[in-house]
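Please open the structure in your viewer and keep the selection tool at hand. The tour below moves from stop to stop, saying at each one what to select and what is to be found there.

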Amino acid sequence: MNWLNLFKPMPKNVFSAWQIELTTRCPLRCRMCIREGIKEWHNGDMSFENFKTLIPYFKYVETVVLEGWGESLLYKNLIDVIRLVKTEGPQVGFVTGGKGLDRKYIFELINAGVDFIGFSLAGSSARTHESIRVNSDFGGILENTKTFNEIKASKKLGKPKLHIVYLMLRDNISEVPYLMNLAKDIGIAEVVLTNLTHVANEWQESQRVFICNGRGAYENKSGGTPDLPHNSAIKLPVGQASRLSEKVFYEKILNETELKARELKIKIRRPSLSPVEVPVCEENPLRNLYISVDGEVSPCVYLNPPVPSPFKRIYCGNKFETEKVSFGNIFREPFHAIWNKKEYIDFRESFILRKRRFEEIYSPFLDMERLKRFEVIPLPDPPKQCRTCHKMLGV
């Protein structure tokens, strides 16, 4: 059976994005990374021969994102991989910490046809950035973005499109407004602000800038993944009251940032700092998926880190153990067999039911800001492994 026949009624691009992890190795030791405190980290690279077996699928994917839990620039066949993806038509790119880039590598990436590159920053100054993204070179990142723009201009090219990905923490959110001037100075026209999604230790928990007000959160009664209904009311975690007052301050900072962005004509994307239960999380497992270095197919990167299972999560101040999720190995079985496994179908069906119910009830009120004023949204439960993920709070 040809799995492609399953999608005949659908448009050519069945999938929005496939995120493919080329390596789990990374030269940085970022304080907000899941690997902090993990001794049994699986370091490895996807074999180039295995990657080539994925090529036939890419014609059905809009965007191929070449990243996972490692630094893609370390992958020795990255240039070859980009060229192969481009032969099938999708957009291709990745987010990077920038370590290992030089002028020669930049030329090769541009010539290979990479469509987008995001540079990860954790501060608008070298001192702040390098204290969080340990082993990073703030000045080097800025110089590399300038080199990209210089070479693009000399070749009269519009790509790769460059953007900044800035992880907001308590220790760096005050520098967000200055990020707009920095972006303008280095020729970047888009900034993506993000929240700390996966919290693995107490320092990380202390650094998140969004609040959990009880909507969609769970009590930790057994120490394991909760089986409570997704809309169960809970008590505010310790310290939540102070977070509420801090949020007002953070919102002022972000409002100032948005004003500055408009003034400098910089496109900015920012997440909410308050929870809004969403029917389908931003990772959108209905149209996206994640493939690990070993070929394991998961709904998203947060459900299959390269650590032993179960792995630790701190969700809204409570500790949980979460089982890793893989529905099959694409290097050992056909993709159609994985996609159509009952367990995978049931996983996606949970989100389909949530989306359908959401649209039935709130179709006139799809503006997220207006939804914040409503009480608990009576949606069906998400999959068990997703109930302790901050992505389900829309932050």
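**Stop one: a hairpin**

Select I314 to begin, and you will find that this residue stands opposite K319 in strand 13. As you look around, bear in mind that this is a predicted model. Now widen the selection to strand 12 (residues 311–315) and strand 13 (residues 318–322), which run antiparallel and are joined by five bridges. Two residues lie between these strands, which together form a hairpin, and in the turn C316 has a positive phi of about 50 degrees.

**Stop two: the open sheet**

Strands of a sheet pair through backbone hydrogen bonds, either parallel or antiparallel. Turn next to an open sheet of nine strands, whose order is 9-8-7-5-4-3-1-10-11 and whose pairing is mixed. Its edges are formed by strand 9 (267–269) and strand 11 (297–298), each of which pairs on one side only. Within this order, select strand 3 (residues 61–65) together with strand 4 (residues 91–96), and you will see a parallel pairing over three bridges. To follow this pairing at the level of residues, pick T63, which stands opposite Q91 in strand 4.

**Stop three: aromatic rings**

A pair of aromatic rings is described by the distance of the centres and the angle of the planes. Over the whole structure, a search finds 17 aromatic pairs. Select F15 and W18, which form an edge-to-face pair with 5.6 Å from centre to centre and 65 degrees between the planes. Are these two rings buried or exposed? F15 counts as buried because its relative accessibility is 1%, under the cut-off of 20%, and W18 likewise counts as buried, at 0%.

Move on to F119 and F148, whose ring centres are 6.1 Å apart and whose planes stand at 65 degrees, so that this pair is edge-to-face. Since F119 belongs to strand 5 (residues 116–121) and F148 to helix 5 (residues 138–155), the pair ties together parts that are 29 residues apart in sequence. F119 is buried, with a relative accessibility of 1%, and F148 is buried too, with a relative accessible area of 0%.

For a wider view, select F15, W18, F51, Y57, F58, F327, F335, W339, Y344, F347 and F351, which ring pairs link into a cluster. One member of this cluster is W339, and over its ring sits the charged end of R348, 3.7 Å from the ring centre. A further arrangement of this kind appears if you select R31 and W203, where the charged end of R31 sits over the ring of W203 at 4.0 Å from its centre.

**Stop four: the cavities**

How many cavities of 30 Å³ or more does the structure hold? There are two, and the largest has a volume of about 70 Å³. To outline the largest cavity, select C281, E283, C300, Y302, L303, R313, Q385, C386, C389, K391 and M392, which line it; by class, this lining has seven nonpolar, one polar and three charged residues.

The second largest cavity contains about 60 Å³ of space, and its lining is made up of T197, H198, V199, Y302, R313, I314, T388, C389 and H390. These residues divide into four nonpolar, four polar and one charged. I314, which lines the second largest cavity, brings you back to the residue that stands opposite K319 in strand 13.

Notes. Residues numbered from 1 in each chain as written. Predicted model: local features only at pLDDT ≥ 70, side-chain atom pairs only at ≥ 80, totals over all residues. Heavy atoms only, no water. 1 Å grid on protein atoms, 1.4 Å probe; cavity = no way out; pocket = protein on both sides within 12 Å on 5 of 7 lines; lining within 4 Å. Points joined across faces, edges and corners; volume = space filled by probe spheres on them. Nonpolar A, V, L, I, M, F, W, Y, C, P; charged D, E, K, R; others polar. Pairing = 2+ DSSP bridges. Helix = DSSP H or I, 4+ residues; strand = E, 2+ residues; numbered from the N terminus. Phe/Tyr/Trp six-rings, centres within 6.5 Å; stacked < 30°, edge-to-face > 60°. Buried < 20%, exposed > 50% of the residue type's maximum accessible area, 1.4 Å probe, protein only. Lys NZ or Arg CZ within 6 Å of the ring centre and 35° of its normal.
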